[in-house]
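Q: Please take a single part of this model and go through it closely, setting it against the chain as a whole.

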Amino acid sequence: METARATGGREVAEPGKHQTGGIVLIGFMGTGKTAVGWRLARALGVPFVDTDALIEKKAAARIPEIFEQQGESGFRAIEKAVIRSLADGVRRVVATGGGAVLDPDNFAVLRSLGPVIHLKAPAETVLARTRGDSGVRPLLAGNDPLERIRSLQRERAPVYGRADHEIDTSRHTIEETVGMVKTWAESEERVIRVDLGPDSYDIVIGPEVLDRLGQRMKSFDLTGRALVVTHPGIAERYGGRTTDSLRAAGFEPDLVEVPEGEAQKSLPWAEKLYDAMLDHGMDRRSPVIALGGGVIGDLAGFAAATFLRGVPFIQVPTSLLAQVDASVGGKVAVDHRRGKNLIGAFYQPLLVLASLDTLDSLPDRELRAGMAEVIKYGVIADPGLFAYIEGRLDDILKRDRGVLAHLVARSCEIKAEVVAGDEREQGRRAILNFGHTMGHAIETQTGMLHGEAVAIGMVYAARVAERMEMLDGESVRRLIELVRRTGLPDRCDGLDVPATIETMKFDKKSVGGRPRFILPGRIGKVAVRDDVPAEYIRSVLATGN
Ligand SMILES: NC(=O)c1ccc[n+]([C@@H]2O[C@H](COP(=O)([O-])OP(=O)(O)OC[C@H]3O[C@@H](n4cnc5c(N)ncnc54)[C@H](O)[C@@H]3O)[C@@H](O)[C@H]2O)c1
Ligand SMILES: [Zn+2]
């Protein structure tokens, strides 16, 4: 987030739900949820929970006894509490009781834990697998169990039908089913809708979605000429796949290589892109595709927003920072010699395609810098995400695709939600600037990477919040620890403090020369404050405390 104009007042926001990147198995009794669930958990190296087992533990009674003593409603109440308790940020495989998903609140919690997979089987298979279980399966009591199973299956079909994927377990062994779920979950595309009325668009996240770019673009009303804007190094790795995919879908792509670096985010380079569009014979329905990090996204987006008063724009972000932040939200800009992002527009893309495999070649330092923004989302909106990063940092730094998929998806979800509530940055969008008020000034003063400066900015904001008695010391310690473990700086010694404060005053997000701070009240919740004593800022910039 580069610019922000906050409105007055104190705003406390807590958007978003938890999503821990686990897997949830739903379905009728006897479809193999438990048998598949624990083997799947072992294969993924995560814990397994069976909600029925948790219920029995909580109630210290077997399920038939709970039904006998408290009725089905008593059982459902315990079930609901148990399911709610699973939204604690831990990634796991969850198998649910067959009726658990009938309650919409339960379904919402389960969906937030990861993809929901419906295991199904024909009534005859269910009967054969559960025969002799009537004592422990209260819902099957009665004299025509097959008919009872059929009628319950009919009743539940619409709810089970809301799952992300389904597998008929009567046709596969348990091991096959485990393999199918695992493969599906790893190759899954996640789609996040950014809801902006007529300007709404999808963010598609997946391991190799780059190869499906052309295919995806066919659903829009576009003419054949397309311009891909990228850097030479990225063109070498991913340019061929991009243009192949476009050609296969009937487009005629041209590719422009812009040299690396922020210096190219400029009007002269925008003009070179206009030339390329004119030379390539592009019209109002010809798309511009940004293939690269935030520099390419901002520059190509700016050119797309202004050429012929706006041509279709598609983001294919390849850096972590661009995937979780720059490509979402519709801000495009070029720099002016007197300041970054001074010439720009709000211009929404038609589509954002985040291909996780492209992160494999991202330099380590850039990956860590991108993580600063992901940590930011945890602090502003989602304690579950924060805990998830703490728990999976090694896998993140090893670029485990499943873990990265979750981080990118959850970050985009949070940003999409905040942006949808405030497209043009009048209010709530300001919370995305957590860590950026001091961070930007430090970035300008020191020339460190944006994410590195933001990491310091977040730590400093947390220290200020602690001094203002908004935030407890334990949360500050957790944030510092996570920043350090990520390999990001948590302080900047030897800063020119007066110059840094001066830079802060001229930041676009300061109002009337008074910097506005986003301060955490706890991990997962922030407030906008413009009453921070200048002394606290001076002191934290000077001493790091
Ligand atoms: N529009 C917005 O909302 C918004 C938000 C945040 C940042 N930004 C802008 O984004 C820019 C920073 O973005 P960035 O951090 O992506 O910087 P960047 O675009 O300069 O990319 C960082 C480096 O990584 C390289 N790179 C990118 N993807 C790669 C890959 N897959 N493999 C190998 N190398 C790869 C790039 O070539 C570059 O050297 C800034 O200009 C900033 O102003 C915009
Ligand atoms: Zn940022």
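A: Helices (H or I, at least four residues) and strands (E, at least two) are DSSP runs numbered from the N terminus, and the protein chain has 20 helices and 17 strands. The model is a predicted one, in which local features need pLDDT of at least 70, side-chain atom pairs count only at pLDDT 80 or more, and totals for chains, interfaces and linings use all residues, while side-chain values use heavy atoms, without hydrogens or water. Residues are numbered from 1 along each chain as its sequence is written, with chains lettered from A and ligands numbered from 1 in the order written.

The part chosen here is helix 9, which runs over residues 232-248. Because its 17 residues should span 24 Å at 1.5 Å a residue (counting one residue less than the helix holds), the 23 Å between its end C-alpha atoms agrees with that expectation. Helix 9 nevertheless bends by about 60 degrees at Tyr238, the angle being taken between axes fitted to the seven residues ending there and the seven starting there.

Tyr238 is also one of the buried residues of helix 9 (under 20% relative accessible area, with a 1.4 Å probe and protein chains only), a set completed by Ile234, Ala235, Gly239, Thr242, Thr243, Ser245 and Leu246. What covers these residues includes helix 8 (213-217) together with strand 9 (225-230), strand 10 (252-257) and strand 11 (288-292). After helix 9 comes Gly250, whose phi is positive, near 95 degrees. Across the protein chain, 57% of the 545 residues count as buried, and the C-alpha trace spans about 80 × 60 × 35 Å along its principal axes.

Methods
Buried means under 20% relative accessible area, exposed over 50%, partly exposed in between (1.4 Å probe, protein chains only). Contact means heavy atoms within 4.5 Å.
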